[in-house]
Structure formats: C-alpha cells, structure tokens
Amino acid sequence: MANSPKKWKTTLTALDELPLTVDRDAATPLAVQVADGLREAATAGRLRGGDRLPSSRALATRLGVSRTVVTAAYDQLHAEGWLTGRHGSGTFLTASPAPAPSRIATPDESEFDTLRYDLVPGTPCVEAIDRAAWRRAWRSASDRIPLARKDRRGEPDYRATVAEQLLRHRGLAAGSDTVVLATAGTGSAVGELAAALLRPGDAVAMEDPGYQRAVGAFWAAGVRVLPVPVDADGLRVDKIPTGVRAVYCTPAHQFPLGARMPAARRIELIEFARRTETFVIEDDYDGELRYDTAPLPMLATLAPDIVVHLGTTSKILSPTLGVGWLVAAPSITKAVLAHRESTGTGPAPAGQQVLVELARHGDLMRHLRRLRREMPPRRAIVVDELRSGGLEVVGDDAGSHLVVPLPSAAAEERAIEAARRRGVLLDSLGRYCIGPQRSFGVPLGYSTLPRTDLRAAVRIACECLADRSS
C-alpha cells in the first residue's frame with residue numbers, strides 16, 4: 001500500500017534531487033500545488049534558468065496524479081512567464097522568470113504606521129466623510145432589532161439602496177433580467193464567482209498589469225489566470241487567449257494604469273464574449289469617481305446576460321463597512337447563492353445597514369457629491385508637482401491615482417527605496433504584473449493624505465523619481 005501511486009501524500013525527489021510534494025488531503029487543488037512547488041523551487045534557486053523539466057506525462061507518473069493536473073500547472077507557469085517550450089526539445093525554465101502574484105513583495109503593513117506619508121493607491125478619501133453623518137448612521141443601524149437569520153442575498157433594503165442610489169443614476173437598473181446581491185467586497189465576490197461558475201483548471205483572462213487580489217481569488221479556487229496586455233484603451237480584446245471561460249477587467253478606470261475603455265473596445269469585448277460563450281466580470285471599483293466627463297455606459301448595461309458587474313464601498317466610503325455588490329443575470333446569482341448555502345458564507349449585515357442609514361438621511365448622495373468635488377484639486381496638486389519636475393503622468397482624469405512611467409524595474413526599486421528613506425511610501429507597477437513585466441513605473445495615490453501633506457509628499461516623491469536612469 002505504501003508504494004501505491006494512489007497514496008494520499010506523494011513526494012518526488014527527482015528533478016536533480018528537487019523535493020516536490022502534492023497532498024490530496026489539502027484544500028488547495030493539485031494543479032496549484034504543483035505550480036507552487038515549481039515556482040518556489042525557481043525563486044529559491046533550486047531550479048535555474050535553462051533547466052529542462054520532465055514531460056507532463058513523466059511528472060504526473062512520478063507524482064501519482066493525472067496528466068491533466070501537471071498540464072494545468074505547466075500552462076499556468078507558461079502564462080506567467082516562468083516556462084518556455086522548445087519545439088521537439090521539451091519544456092524549460094526561462095532565464096528571467098516573472099515573479100508570481102503570491103510572491104510579489106507588498107508594502108509591509110507596519111510601514112503604513114511608521115512612514116510619514118502614504119502615496120500607495122487603493123485607499124478611500126476618508127477625510128471627505130462627514131463624521132457627524134457617519135456617527136448618525138452607525139447609531140441608527142444599532143437601533144435595529146438584531147437579526148436571528150441573515151439573508152444570503154443581502155439585506156433587502158441594502159439591495160434596494162444599491163439599485164436606486166448607486167446604480168440607477170449610472171444607467172444600470174436591476175429588473176427581471178438582472179439581480180442585485182450584496183457581497184463582502186470585490187475580492188470576495190471574485191472568489192464566489194470562481195467557486196460557483198468555474199472549475200479547477202479553468203482559465204480566466206485578466207488585464208496585465210491588473211488587480212492582484214482578484215488574481216489571488218482566482219488562484220485560491222484553482223483557476224488559471226492568463227495575462228492579457230493593456231494599452232491606452234484598456235484590455236486588448238484581440239490578445240485574449242483561446243479557451244478562456246471568463247474575462248476580468250476594469251473598463252471604467254483600468255487598474256493600475258488608469259485607462260478608460262472606449263465604446264468601440266467595449267463593443268468588441270461583448271462581441272468576443274458572445275462569440276466564445278464567455279462571461280465578463282466588470283470590476284467598477286471607483287466608477288463613482290469620474291469627474292472629467294460623464295462615464296461611458298457600463299458593460300452590464302450593454303450585455304446584462306453575460307456581464308457580472310461588481311462594485312464596492314471600500315473606495316467611495318471606507319473598508320470599515322466591508323460591503324459591495326454584484327449585479328448579474330438570475331442564472332449567475334442563483335449559482336452564487338447555491339455556493340453560499342453550501343458553504344454557509346455570505347456578507348455580514350452590519351455594514352449593509354450603515355449604508356442604508358446613510359442613504360435614508362440623504363448623507364450618501366451628499367458624500368458622493370462632496371467626494372467628486374474633493375478629488376479634482378487633489379489630482380491637480382499631484383499633476384502640477386510632477387510636471388513641474390519634468391515627469392510624465394499617465395492615466396485618465398478620474399479615480400484617486402495616476403502613474404509615473406519609469407524605464408525599468410531597477411528604476412522603480414531605486415525610486416521606492418529613496419522615497420522610503422525620506423518617509424514616503426510608494427508602490428510599484430511590478431507588483432501588479434502577472435506575466436513578464438512590460439510596464440514600469442510608480443502608481444501614486446492622492447486620496448489618503450490631507451491636501452497640505454499631499455503636496456509635501458509629492459514633492460519628495462518627485463525628487464526621488466527624477467533619477468530615472470535604467
């Protein structure tokens with residue numbers, strides 16, 4: 001029994017004495033375990049550029065798994081840039097593999113407390129929140145009778161608030177063809193969609209660079225993430241690989257490069273999805289923060305039967321609420337609800353109730369109007385300082401961040417380290433790349449700091465970014 005290939009835990013000590021383990025008792029899909037093991041061996045130096053890997057059949061035999069498992073792992077590593085195939089010769093580790101999403105360094109959470117200025121994007125402008133209105137909403141929510149059982153669809157008045165105040169004025173109305181569900185935020189919603197609609201080994205096309213928490217959610221479900229290049233109009237539809245089951249994108253304000261997908265590209269994406277029987281996940285993470293022109297019609301208004309629309313309160317209010325929303329066709333929301341019932345999961349009601357109370361008193365709409373007035377002068381401060389320093393600015397006049405292009409990953413690292421020494425926390429485009437890094441630069445967020453601190457922080461950042469030699 002101990003020598004059977006069907007044993008629950010199998011360890012391989014071939015591949016030049018490389019230990020590689022798969023555990024059938026683990027919750028992580030086998031294909032993800034194999035990919036993680038090979039990736040870890042490469043980053044640790046136990047595998048080197050140019051090393052030849054065994055065929056998928058040979059490795060599957062050695063590990064006691066199906067060939068499909070190894071093929072899926074190799075496909076994922078190919079997509080990330082770790083592997084290359086040579087016709088008639090086999091599969092080899094590339095000389096300069098791209099870092100995997102789970103291995104990319106992120107700012108240490110302690111740094112947010114110890115550094116004086118935080119210019120990392122992705123945070124809301126909490127300074128714009130009316131604290132009296134905020135306290136009133138929490139008090140009103142606390143006066144409600146405690147729930148004995150939560151509605152896994154989300155609280156009815158919360159879903160009504162989202163439909164009426166956050167979606168209808170933007171042209172997306174829930175009706176007989178779509179359903180609004182509450183979520184615990186975008187990352188949670190992506191994970192639910194992956195678990196409810198996809199199977200381990202399925203492939204999803206993803207903007208590259210793109211939102212890494214979505215990548216992580218797909219990976220956790222055993223879904224392969226295939227990178228798709230981004231240009232000045234957003235995701236390149238003509239570059240979407242064949243065989244994908246879904247496409248994830250941020251068309252209103254591509255994260256992190258900041259492009260707005262024009263109408264022609266949106267139509268092209270919808271036509272692709274219909275032709276290939278693919279569904280589209282539209283992440284509208286900061287759709288309320290367009291202040292230069294009126295927003296284009298959302299993908300979900302163009303094709304509500306195949307587009308899943310995601311939104312969140314984390315960027316327009318605060319992650320304190322921990323809630324978002326999902327709008328999709330009944331067949332999709334039914335699958336998500338079935339997943340919630342089987343796993344006992346679902347968004348917590350407290351944040352939903354606070355948002356309802358903000359809306360009930362009119363404070364939600366007042367906050368959004370105040371936010372749209374607050375962000376343009378913040379952006380102007382950053383743009384003026386950067387351009388005065390001779391630096392280029394990339395990204396639409398919207399949202400709460402922009403990008404300063406740089407020539408290389410080394411230039412990113414130098415700028416970030418120089419800023420850190422002077423008390424400013426910066427981010428890197430490299431952190432958002434799925435495949436080999438092709439876009440280099442620093443995304444600058446301008447929502448976290450008070451305006452007086454923002455100008456001082458950006459001046460320091462400009463000086464650190466000015467050294468752009470490769």
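Student: Before anything else, what is a salt bridge here?

Tutor: A salt bridge is a side-chain nitrogen of Lys or Arg within 4 Å of a carboxyl oxygen of Asp or Glu. Keep in mind that this is a predicted model.

Student: OK, and how many salt bridges does that rule give?

Tutor: The count comes to 29 salt bridges.

Student: Why would side chains pair up like that?

Tutor: Side chains of opposite charge can pair when their charged atoms come close.

Student: Let's take one. What does Arg-144 pair with?

Tutor: Its partner is Glu-357, with 3.2 Å from N to O. The two sit in distant parts of the chain, 213 residues apart. Arg-144 is in the loop between helix H5 and helix H6, while Glu-357 belongs to helix H12.

Student: Is Arg-144 buried or partly exposed? And what about Glu-357?

Tutor: Arg-144 has 21% relative accessibility, so it counts as partly exposed. Glu-357 has 5%, so that one counts as buried.

Student: What about Arg-366, which residue does it bridge to?

Tutor: Arg-366 bridges to Asp-363, and their closest N and O atoms are 2.8 Å apart. Both are in helix H13, and because they are 3 residues apart there, about one helical turn separates them.

Student: Why does that spacing matter for which way residues point?

Tutor: An α-helix has 3.6 residues a turn, so residues three or four places apart point the same way.

Student: And how open are those two, buried or partly exposed?

Tutor: Arg-366 is partly exposed, with a relative accessible area of 37%. Asp-363 is buried, at 6%.

Student: Where else does H13 have a salt bridge, say at Glu-374?

Tutor: Glu-374 in H13 meets Arg-451 in a salt bridge, 3.0 Å from N to O. Arg-451 is in helix H15, 77 residues away from Glu-374 in the chain. Arg-451 is partly exposed at 35% relative accessibility, whereas Glu-374 is buried at 16%.

Student: Which residues are in the salt-bridge network with those two?

Tutor: Glu-127 and Arg-378 are linked with Glu-374 and Arg-451 in a network of salt bridges.

Student: So how do H13 and H15 sit against each other, at what angle?

Tutor: Their axes come within 9 Å and cross at roughly 30 degrees. That angle makes H13 roughly parallel to H15. The crossing is right-handed.

Student: Which residues touch there?

Tutor: On the H13 side they include Glu-374, Pro-377, Arg-378 and Ile-381. On the H15 side, Arg-451, Leu-454, Arg-455 and Val-458 are among them. The residues of this contact divide into 8 nonpolar, no polar and 6 charged.

Student: How does H6 pack on H13, then?

Tutor: H6 and H13 pack at about 35 degrees, with their axes 11 Å apart. This crossing is right-handed. Thr-161, Gln-165 and Leu-166 of H6 meet Leu-364, Met-365 and Leu-368 of H13. Here the split is 4 nonpolar, 2 polar and no charged.

Student: Zooming out, how many helices and strands are there?

Tutor: The chain has 15 helices and 17 strands. Buried residues make up 54% of its 470 residues.

Student: What share of the contacts join residues at least 24 apart?

Tutor: That share is 72%, taken among contacts between residues at least 6 apart in sequence.

Student: New topic: what's after H13, around Ser-400?

Tutor: Ser-400 lies in the loop between H13 and strand S15. Ser-400 is buried, with a relative accessible area of 9%. Leaving aside neighbours within four places in sequence, its contacts include Thr-123, His-253, Asp-286 and Met-375. Leu-444, Gly-445, Tyr-446 and Ser-447 are also in contact with Ser-400.

Student: And helix H8, which residues are buried there?

Tutor: The buried ones are Gln-212, Ala-214, Val-215, Ala-217, Phe-218 and Trp-219. Just after H8, Gly-222 takes a positive phi of about 80 degrees.

Student: Last one: where is Thr-21, and is it buried or partly exposed?

Tutor: Thr-21 is in strand S2. With a relative accessible area of 34%, Thr-21 is partly exposed. Thr-21 and Gln-33 are 12 residues apart in sequence, and their C-alpha atoms are 7.6 Å apart in space.

Notes:
Residues numbered from 1 in each chain as written. Predicted model: local features only at pLDDT ≥ 70, side-chain atom pairs only at ≥ 80, totals over all residues. Heavy atoms only, no water. Helix = DSSP H or I, 4+ residues; strand = E, 2+ residues; numbered from the N terminus. Buried < 20%, exposed > 50% of the residue type's maximum accessible area, 1.4 Å probe, protein only. Axes fitted to C-alpha atoms, helices over the stretch in contact; angles between N-to-C directions. Parallel < 35°, antiparallel > 145°, perpendicular 65-115°, else oblique. Left-handed = near helix turned anticlockwise from the far one by under 90°. Contact = heavy atoms within 4.5 Å. Nonpolar A, V, L, I, M, F, W, Y, C, P; charged D, E, K, R; others polar.
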